[in-house]
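Trainee: Got a minute to go through a model with me? I'd like to talk about charges and helices.
Mentor: Sure, pull it up.

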Amino acid sequence: MSGKTWLAARLANASTLQSLCEAVESSPRYLWSSELLTTAWHTAATLTTSPGVRTSLQAESSRRLLVRLLAEQRRLRPDFDARSMACMVWAWSKLRVKEKDLMDDLSERFPGQVLQFSTKDLSRLIYGLAQLRHRSGPLVPAAGDVLAQRMDESNSQTVANVSYAFCLMKLKHRNFFTSLAEKMPDRMNEFKPQELSILVYSCALLRVRNDRLLGAVCEEARGRLSEFSPQNISNLLYGVGLLQFLSQPFLHDTCSFSSVRMSSFSVQGISNMTYALGLLGYQHPMFLRSICGSLRVDELLPQHIGNMSYALGQMGFRRCQPHELRCRVQQADDCMGKTDGACHVTPPMKNSTCPLRDRYTTTT
């Protein structure tokens with residue numbers, strides 16, 4: 001058995017951080033290659049993020065392991081193929097390796113190789129760099145351009161993950177989002193509920209709006225609300241509100257569906273949904289009645305109180321102080337109960353401002 005085969009076997013068979021650390025530290029430097037280094041990084045990330053209580057011995061093994069692997073990385077500065085590079089960046093994101101010199105080196109050396117990556121590897125690469133909040137250099141823009149050109153090959157998970165990654169990096173990649181808006185509206189049935197939610201939420205935080213895409217998402221979601229988790233629903237509605245995209249059928253169905261399940265929503269989720277409806281000036285009596293019955297005032301943070309008070313004001317009801325919030329929700333519901341029971345769209349109040357409202361970019 002050759003030395004490299006021996007080392008590969010030890011890395012593959014390592015089942016704990018301690019055994020992996022021993023294998024790495026006892027291996028002569030001349031045995032290391034880009035493939036073995038990638039395997040070691042991947043195994044380290046997998047073992048570090050495995051469920052279970054971390055002991056002091058594991059923590060020390062993890063520290064020593066990172067020191068040795070980083071030393072080999074700097075010494076070899078190896079040439080990675082596309083799959084290895086994507087795998088390594090994923091491992092770095094899990095291990096929170098934020099060595100600027102290594103990141104800058106990768107970002108400068110690899111943009112010319114992005115055409116060799118599969119769409120899945122491009123997704124892992126961009127997502128890993130986003131987790132590390134690293135966007136300097138030409139690598140991320142180049143990877144986004146390639147995905148824009150190969151949008152037809154990209155699956156729903158790739159599109160959702162990359163959208164969220166750009167959101168984390170606060171990067172409005174115009175080519176990517178333009179291609180997404182052109183190619184994806186007819187493929188909404190391929191998206192899982194969580195992916196639809198992530199897609200709209202990411203676009204909203206970046207203020208990237210395309211009405212055809214949003215209309216397709218809302219129409220798809222209406223028919224599959226029973227598949228959505230409470231967090232999926234609240235994030236989706238929050239994104240639609242931030243982008244000020246008014247789809248009354250979607251809002252009516254989503255509010256009606258959520259109203260009978262309000263107890264399963266977190267306080268943050270309730271706050272976000274109410275805030276979104278306020279931005280849209282949309283009143284739904286059943287939704288407000290459900291909030292009144294489910295509102296857990298002792299769990300409310302100042303941000304929740306402020307957002308919900310603002311939302312009620314946008315719906316046409318007097319702004320309230322924190323201690324009046326539950327009462328004001330009840331009064332708002334009683335007020336609407338005197339109408340025909342229909343939902344209403346109320347024009348936003350004049351001279352009102354929203355702390356989270358911002359300009360957004362519309363793709364065409």
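Trainee: Is Arg 150 buried or exposed?
Mentor: Arg 150 counts as buried, because its relative accessibility is 18%. Buried means under 20% relative accessible area, exposed means over 50%, and partly exposed is in between (1.4 Å probe, protein chains only). Accessible areas come from the Shrake-Rupley method with a 1.4 Å probe, and for residues only the protein chains shown count as cover.

Trainee: What should I keep in mind about where these values come from?
Mentor: This is a predicted model, where local features need pLDDT of at least 70 and side-chain atom pairs count only at pLDDT 80 or more, while totals for chains, interfaces and linings use all residues. Residues are numbered from 1 along each chain as its sequence is written, and side-chain values use heavy atoms, with hydrogens and water left out.

Trainee: Which residue does Arg 150 form a salt bridge with?
Mentor: With Glu 153, and the closest N and O atoms are 3.3 Å apart. A salt bridge here is a side-chain nitrogen of Lys or Arg within 4 Å of a carboxyl oxygen of Asp or Glu.

Trainee: How many salt bridges are there by that rule?
Mentor: The count comes to 10.

Trainee: What about Asp 253, which partner has it got?
Mentor: Asp 253 forms a salt bridge with Arg 222, with 2.7 Å between the closest N and O atoms. Asp 253 lies in helix α14 (residues 248-259) and Arg 222 in helix α12 (residues 211-222), so the pair ties together parts that are 31 residues apart in sequence. Helices are DSSP runs (H or I, at least four residues), and strands are too (E, at least two), numbered from the N terminus.

Trainee: And how covered are those two?
Mentor: Asp 253 counts as partly exposed at 24% relative accessibility, and Arg 222 counts as partly exposed at 29%.

Trainee: Which residue pairs with Arg 224 in a salt bridge?
Mentor: Glu 227, with the closest N and O atoms 3.3 Å apart. Arg 224 counts as buried at 12% relative accessibility, whereas Glu 227 is partly exposed, with a relative accessible area of 48%. Elsewhere, salt bridges that share partners join Glu 219, Arg 222 and Asp 253 into one network.

Trainee: Now the unpaired charges. Which residues gather in the patch of positive charge on the surface?
Mentor: Lys 94, Arg 96, Lys 98, Arg 133 and Lys 170. Patches are made of residues with over 30% relative accessible area and no salt bridge, with like charges joined within 9 Å and nonpolar side chains (Val, Leu, Ile, Met, Phe, Trp, Tyr) within 5 Å. Lys and Arg count as positive and Asp and Glu as negative, while His and the chain ends are not counted. The place of a charge is taken as NZ of Lys, CZ of Arg, CG of Asp or CD of Glu.

Trainee: Where is Lys 98?
Mentor: In the loop between α5 (82-95) and α6 (100-109). Lys 170 is in the loop between α9 and α10 (174-183).

Trainee: What's the backbone doing at Lys 170?
Mentor: Lys 170 has a positive phi of about 55 degrees although it is not a glycine. Lys 170 counts as exposed, at 69% relative accessibility. Gln 244 also isn't a glycine, and its phi is near 55 degrees, a positive value. Gln 244 is found in the loop between α13 (230-242) and α14, and is partly exposed at 30% relative accessible area.

Trainee: Switching to α9, how many of its residues are buried?
Mentor: 11 of its 14, which leaves the helix mostly covered. Among them are Val 159, Phe 166 and Met 169. Thr 158 is in α9 and counts as buried at 5% relative accessibility. Its C-alpha is 8.4 Å from that of Arg 124, with the two residues 34 apart in sequence.

Trainee: What about α11, is it enclosed or open?
Mentor: 10 of its 14 residues are buried, so α11 is largely enclosed by the rest of the structure. Pro 193 is in α11 and counts as buried at 11% relative accessibility. The C-alpha atoms of Pro 193 and Ile 233 are separated by 8.7 Å, though the residues are 40 apart along the chain. Leu 205 is also found in α11 (residues 193-206), but is partly exposed, with a relative accessible area of 36%.
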